Amino acid sequence: MSSITVRCPSCHKNNQFPVERLDDQPKCGACKSPLVNGKPVEGTAANMDALLSSGKPVVVDFWAPWCGPCQGFAPVFEATASSKADDVIFVKINTEEEQTLAAKYRIRSIPTIMVFNEGKMVKQINGALPLSEFTAWLDEAV
């Protein structure tokens with residue numbers, strides 16, 4: 001049984017739970033807020049393999065805090081995560097903090113969005129898209 005560590009979107013405490021419990025609406029041990037509540041999960045070197053092996057498609061946004069297009073795309077990614085939370089896991093990876101993951105996935109420009117299914121990357125796009133185009137692109141990918 002593999003476990004996953006997720007930072008609480010409300011209080012920012014790290015929480016660890018079995019990856020099999022992703023569908024069980026796990027709550028933060030500190031503040032009791034939902035950990036996976038339609039908001040993107042923070043991807044790290046410690047939790048990425050578990051996320052990819054969760055059994056659900058995973059959409060990853062590789063971004064950086066200094067990137068204007070990344071900041072502009074963030075609301076689109078979050079809105080899509082909220083609307084598709086039951087079927088897809090949405091992950092944001094800060095390439096400044098997770099340089100090992102950025103290197104592993106050969107990120108050369110940001111934002112880069114990748115879709116994984118059964119642990120394998122099946123689709124990739126570089127650059128920000130408007131909501132309707134991103135949703136259409138994602139629907140094709142999953």
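1. A residue is termed buried under 20% relative accessible area, exposed over 50%, and partly exposed in between. By this criterion Asn117 is partly exposed, because its relative accessible area is 32%. The model discussed in this note is a predicted one.

2. On the fold as a whole, the protein chain contains four helices and seven strands. Read from the N terminus, the order of these elements is β-β-β-α-β-α-β-α-β-β-α. The chain therefore opens with three strands and ends with a helix, as the order β-β-β-α-β-α-β-α-β-β-α shows.

3. Regarding overall dimensions, the radius of gyration of the protein chain is 14 Å, which agrees with the value near 14 Å expected for a compact globule of 142 residues. Along the principal axes, the C-alpha atoms occupy a box of roughly 35 × 30 × 25 Å.

4. On packing, buried residues account for 46% of the 142 residues in the protein chain. Of the contacts between residues at least 6 apart in sequence, 58% link residues at least 24 apart.

5. On surface and charge, the accessible surface of the protein chain amounts to about 7400 Å², and carbon and sulfur atoms contribute 48% of that area. The chain carries 14 positive and 16 negative charges, and the mean positions of these two sets lie 4 Å apart.

6. Helix α4 spans residues 131-141, and its buried residues are Phe134, Trp137, Leu138 and Ala141. These residues lie on the same side of α4, because the arc they cover around the axis is only 95 degrees. Ser132 and Glu140, on the other side of α4, are exposed. The cover over the buried residues of α4 includes one helix, α2 (68-83), together with the strands β4 (58-63), β5 (89-94), β6 (112-117) and β7 (120-126).

7. Pro130 precedes this helix in the chain, in the loop between β7 and α4. With a relative accessible area of 44%, Pro130 is classed as partly exposed. Its C-alpha atom is 9.4 Å from that of Gly72, although Pro130 and Gly72 are separated by 58 residues in sequence.

8. Thr95 belongs to the loop that connects β5 to α3 (99-104). Thr95 counts as buried because its relative accessibility is 10%. Beyond its neighbours within four places in sequence, Thr95 makes contact with Phe62, Trp63 and Ala64, and also with Ala102, Ile107 and Ile110.

9. Ser33 is located in the loop between β2 (14-18) and β3 (41-42). This loop residue is likewise classed as buried, since the relative accessibility of Ser33 is 17%. When residues up to four places away in sequence are set aside, the contacts of Ser33 are Cys8, Ser10, Pro26, Lys27 and Cys28.

10. Asn117, introduced in the opening point, is part of strand β6. Residues up to four places away in sequence excluded, Asn117 touches Pro57 and Val122. Asn117 and Ser33 are 84 residues apart in sequence, and their C-alpha atoms are separated by 28 Å. With regard to accessibility, Asn117 is partly exposed, whereas Ser33 is buried.

Note on methods:
Residues numbered from 1 in each chain as written. Predicted model: local features only at pLDDT ≥ 70, side-chain atom pairs only at ≥ 80, totals over all residues. Heavy atoms only, no water. Helix = DSSP H or I, 4+ residues; strand = E, 2+ residues; numbered from the N terminus. Rg over C-alpha atoms; globule rule 2.2 N^0.38 Å. Buried < 20%, exposed > 50% of the residue type's maximum accessible area, 1.4 Å probe, protein only. Contact = heavy atoms within 4.5 Å. Areas by Shrake-Rupley, 256 points an atom, 1.4 Å probe, with all protein chains shown as cover. Lys, Arg positive; Asp, Glu negative; His and termini not counted. Charge placed at Lys NZ, Arg CZ, Asp CG, Glu CD. Arc of directions from axis to C-beta.
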